[in-house]
Amino acid sequence: MAITILIAAPLITGFVSFFIRNDYFRRFLLITCAGIHLALTCSALVRRPDACWGGCFALDSIGVIFLTITSLLFLGAVIYGVKYLCDEKRHSNDVSTEGGFFSPEAVFIGCLLLFLSTMTAVIVSRHLGVLWVAIEATTLASAPLIYFHRTKRSLEATWKYLLICSVGIALALLGIFFLAVAIANDSGDLILNKVIDNAAQMNIPWLKAAFLFIFVGYGTKMGLAPFHTWLPDAHSEAPSVVSALLSGALLNCAFLGILRMYQICIAAGLAKYCQEIFILFGLLSVFFAAFFILGQLDYKRMLAYSSIEHMGILALGVGLGGGAVLGAMLNAFSHSLTKAGLFFIAGNILSHYGTKYISEVKGIIKGKIRWSGILWFIGFLLITGTPPSGIFLGKFMILKEAVYQGRYWLILIFLLSLAIIFIGMARIFISMTQGVPSEKVETRPLTRNRFWYISPSAVFFILVVIMGVYLPTWLLKILSGAAEALGGF
Amino acid sequence: MSSWVDLAIISIVLLNLMVISSSRISACIQITALQGIIIGLFPLIVDLNSITVGTIVFSAVSVALKGFVFPCLLFRAQREANIRKEVESIGGYPFSLLMGVAVFLISCWLSSRLPYTHPLLSKWAVPVSLAAFFTGLFIIVSRVKALTQVIGYLVLENGIYLFGMALLVKQSLLVELAILLDIFVAVFVMGIAIFHISREFDHIDTQNLDELKDWVISQQEL
């Protein structure tokens, strides 16, 4: 029952919001829905809800982790986003009069809620066909969000996102058909538990092909190099709230799609084969990200490449197995919160300075948005994995496992890339926060209610620091439960 | 019975070659629609003796979507964008046709190497479905207009569907319908995006969608 409400509440509210004329009522609905979602998620943490719809939807420990991330992030994004929408309306008077049947804000809020609903569906679905449908639906629900600003650049980003992700996900559908062929008995049932139970009799060549197709398909959506090309464009052109959700929640959901397939492969005894693929593409992503962060001119694109880096780290952690899987789970949690916080701050900087170019933003700490500047720098320290951060702990666990397995080449490339990323990001963040504010750039006063622009990021950062210092037993239990399901400990 | 199946499969190969070598967009839309109708009818012609209500509903929905709704959406997008022909594609049309043939041969080779455990619809079904898949992929990569890329996406989807049918992969009807619904919404959203592209840029050439890139950012934007 709880699972049905988790999916249906945002779905219905989403469709209803398209037709509501009153802005305030619509925003109220959005916040209420996000609150209810988080409350239900917390209750699911305490007591796992029962499976429903004939076993198609259920929550396991991996699902609980990703659901908590998504729900928490969504509430933060909504609190930030409502403030953002109020200001957007105040600054541009002509938006609401533009053609269209629905007002842009109605579309935005409606799609946000549909996006939440589809992401929840991805997380709880145990049927691989339903999982595919849900992942494709996240693409479609989020495309209008990226196009919110209605500029040429955002249109270009939206088109690339739609086409590249749809084709990628089509590959995954072919992979799912391959999997159905690999299931030797004639039931053709694609419910995860049943597939795993019968995994021993699977046809291995077909299963290998299925894993490859699903890996490439969902990997495109997850942003693993070299299939990541849509990601920097979409993240840099979307409104910051949407970038935060894309980076913190959506990429994880796509990763979950791959993990489900990986669970089947583990049961079929293909773990070694899959792990090599995870490691290869994980390492490639981290390396690519390092290369592109170094010369970046646009700070939102830089954050996007940092997301590619972290997706690479997740894949690497799962690929190494053992203790690294727990590190990867921890990293997924910390990365989502940190990156969302950073995107919120990037939104503040963007609306204050009116530019995305790093070279034109200087001395934020000395300017009018001092607190954003301070949080921007703290966020940098957290995302690069400076010790009191959950990300540090995650990376450390992954490295420890790599050392334990004696993969020295991997460690060398990994550490080198991380060092390059640290240097590249330090250059950008230091020059933006420090330095003399340039006078020729016109700044726009950020609205009076600055508290709501800063507090979601601040809360997220505090949570990440807490996770780096102290992991409560119940959280550790869930994380290690997920790690066990993925062949680690 | 299998003669009908073989006839349908051969016509799909020919339609692949037609769509890859045609420069008129309306022709491409019609060819894709015809291909969609043939593939939508597959569940019915495969086995006339075991037709259930489920297969009829599924078949009717897919024929209606692939054969009528998608072409309508695409024709509307074409009218709004006001284009008739695809510009010279990368490598020219003779090259595209050669690629179409090459793709078919590669698919034949690939499918001869796969171990089959399932009963097959026809021994040509798997190579043809893979050929449609790769043809769609080739169209998406090589064509310039946004509309033609959507047509490529549909050909690719047709290929995947045929594959599912060829290996008689049974899935629950609800999931199949949900997949169709997803593709429908995808085409719908892409149609809207094409409308916006043609309004913003006065054309739908994706070659000119090149403002977003790393490192070299034009300073005129400032």
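Start by selecting chain A and chain B together and looking for salt bridges between them: the count is 0. Keep in mind as you go that this is a predicted model. Now switch to polar contacts across the same boundary, where you'll find 2 residue pairs, both at pLDDT 80 or more.

So what does the boundary consist of? Select the touching residues: 50 come from chain A and 48 from chain B. Together the two chains bury about 4,700 Å², and 70% of that is on carbon and sulfur atoms.

Next, hide chain B and color the side of chain A that touches it. Six helices each supply at least two residues here: α5 (128-146), α6 (152-182), α8 (204-222), α9 (230-237), α11 (271-294) and α12 (299-320) of chain A. Which helix gives the most? Click on α6(A), which contributes 19 residues to this side. Color by class and you'll get 30 nonpolar, 7 polar and 13 charged residues on the side of chain A that touches chain B.

Now bring chain B back and zoom in on two of its own helices, α3 (residues 53-81) and α6 (residues 146-166). Their axes are 11 Å apart and the packing angle is about 170 degrees. An angle over 145 degrees counts as roughly antiparallel, so that is how α3(B) and α6(B) run relative to each other.

Finally, show the side chains where they meet. On α3(B), pick B:F58, B:K66, B:F70, B:L74, B:A77 and B:Q78; on α6(B), pick B:L147, B:V150, B:I151, B:L154, B:N158 and B:Y161. Sorted by class, this contact has 9 nonpolar residues, 2 polar and 1 charged.

Technical notes:
Residues are numbered from 1 along each chain as its sequence is written. Chains are lettered from A and ligands numbered from 1 in the order in which they are written. Side-chain values use heavy atoms; hydrogens and water are left out. Contact means heavy atoms within 4.5 Å. Buried area is the accessible area (1.4 Å probe) that two parts lose on being put together, summed over both. A salt bridge is a side-chain nitrogen of Lys or Arg within 4 Å of a carboxyl oxygen of Asp or Glu. A polar contact is a pair of N or O atoms within 3.5 Å; within protein, one must be able to donate a hydrogen and the other to accept it, and residues adjacent in sequence count only if both atoms are side-chain atoms. Helices (H or I, at least four residues) and strands (E, at least two) are DSSP runs, numbered from the N terminus. Ala, Val, Leu, Ile, Met, Phe, Trp, Tyr, Cys and Pro count as nonpolar, Asp, Glu, Lys and Arg as charged, and the others, Gly among them, as polar. Axes are lines fitted to C-alpha atoms, for helices over the stretch in contact, and angles run from 0 to 180 degrees between N-to-C directions. Angles under 35 degrees count as roughly parallel, over 145 as roughly antiparallel, 65 to 115 as roughly perpendicular and the rest as oblique.
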